[in-house]
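Student: I would like to work through this model from its coordinates. Where should we begin?

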Amino acid sequence: MINNLFSELLGKGKNTPNKFTIRMGKFIRKARLESGLSQSELAENVYVSQAAISDMENGKREVSSSELVYLSFALNKPIINFFPEIYAREIDQDKLSPLYQELFIQAKRLSDDDLKKLIAQTKALADLE
């Protein structure tokens, strides 16, 4: 089953571009444009060349784990944002502590704008510690 999933996503062989690198590239481009950064500006923050960012966005280059961390930080997106939904796992709220469960319950009641404000406030509070 797992092999079939990878075969479908990657296609035959490990050559790029493939379905996985193309999808990841689209997520990177979307996040970069949302952040208002040029490829050159993003490249500087990720410690790669502008050509490397272009290749990533076009699915011609796989992203290393360290580059993914830099992309996440530079674009202010969670790492999972760059992966196709098939790789994102649902959070089992029953396994969360009561405090986290309450946080999720209340967050679901917020508009997207208010949720963004909550996230910004949470980050600011976490950075104080």
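**Helix 3 and the largest pocket**

Tutor: In this predicted model, the buried residues of helix 3 are Gln39, Leu42, Ala43 and Val46. They span an arc of only 105° around the axis, so they lie on the same side of helix 3.

Student: Which helices do the buried residues of helix 3 pack against?

Tutor: Helix 3 covers residues 39-46. Its buried residues, Gln39 among them, pack against helix 2 (19-35), helix 4 (50-57) and helix 5.

Student: Is glutamine 39 buried or exposed?

Tutor: Glutamine 39 is found in helix 3. Leaving aside residues up to four places away in sequence, glutamine 39 touches Arg32, Gln50, Ile53, Ser54 and Glu57. Its relative accessible area is 17% and the cut-off is under 20%, so glutamine 39 counts as buried.

Student: What phi does tyrosine 47 take?

Tutor: Tyrosine 47 comes just after helix 3. Its phi is positive, at about 65°.

Student: Which helix gives the most to the lining of the largest pocket?

Tutor: The largest pocket holds about 500 Å³ of space. Helix 5 (65-75) and helix 7 (112-128) each supply at least two residues of its lining. With six residues, the one that gives the most is helix 7.

Student: How many charged residues are in the lining of the largest pocket?

Tutor: The lining includes Asp112, Lys116 and Lys123, along with residues such as Phe73 and Leu115. By class, six lining residues are nonpolar and two are polar, while the charged residues number four.

Methods:
Residues are numbered from 1 along each chain as its sequence is written. This is a predicted model: local features need pLDDT of at least 70, side-chain atom pairs count only at pLDDT 80 or more; totals for chains, interfaces and linings use all residues. Side-chain values use heavy atoms; hydrogens and water are left out. On a 1 Å grid over the protein atoms alone, a cavity is a set of points where a 1.4 Å probe fits but cannot get out, and a pocket is an open set with protein on both sides within 12 Å along at least five of seven lines; lining residues have an atom within 4 Å of a point. Grid points are joined across faces, edges and corners, and a volume is the space filled by probe spheres set on the points. Helices (H or I, at least four residues) and strands (E, at least two) are DSSP runs, numbered from the N terminus. Ala, Val, Leu, Ile, Met, Phe, Trp, Tyr, Cys and Pro count as nonpolar, Asp, Glu, Lys and Arg as charged, and the others, Gly among them, as polar. Buried means under 20% relative accessible area, exposed over 50%, partly exposed in between (1.4 Å probe, protein chains only). Contact means heavy atoms within 4.5 Å. The arc is that of the directions from the helix axis to the C-beta atoms.
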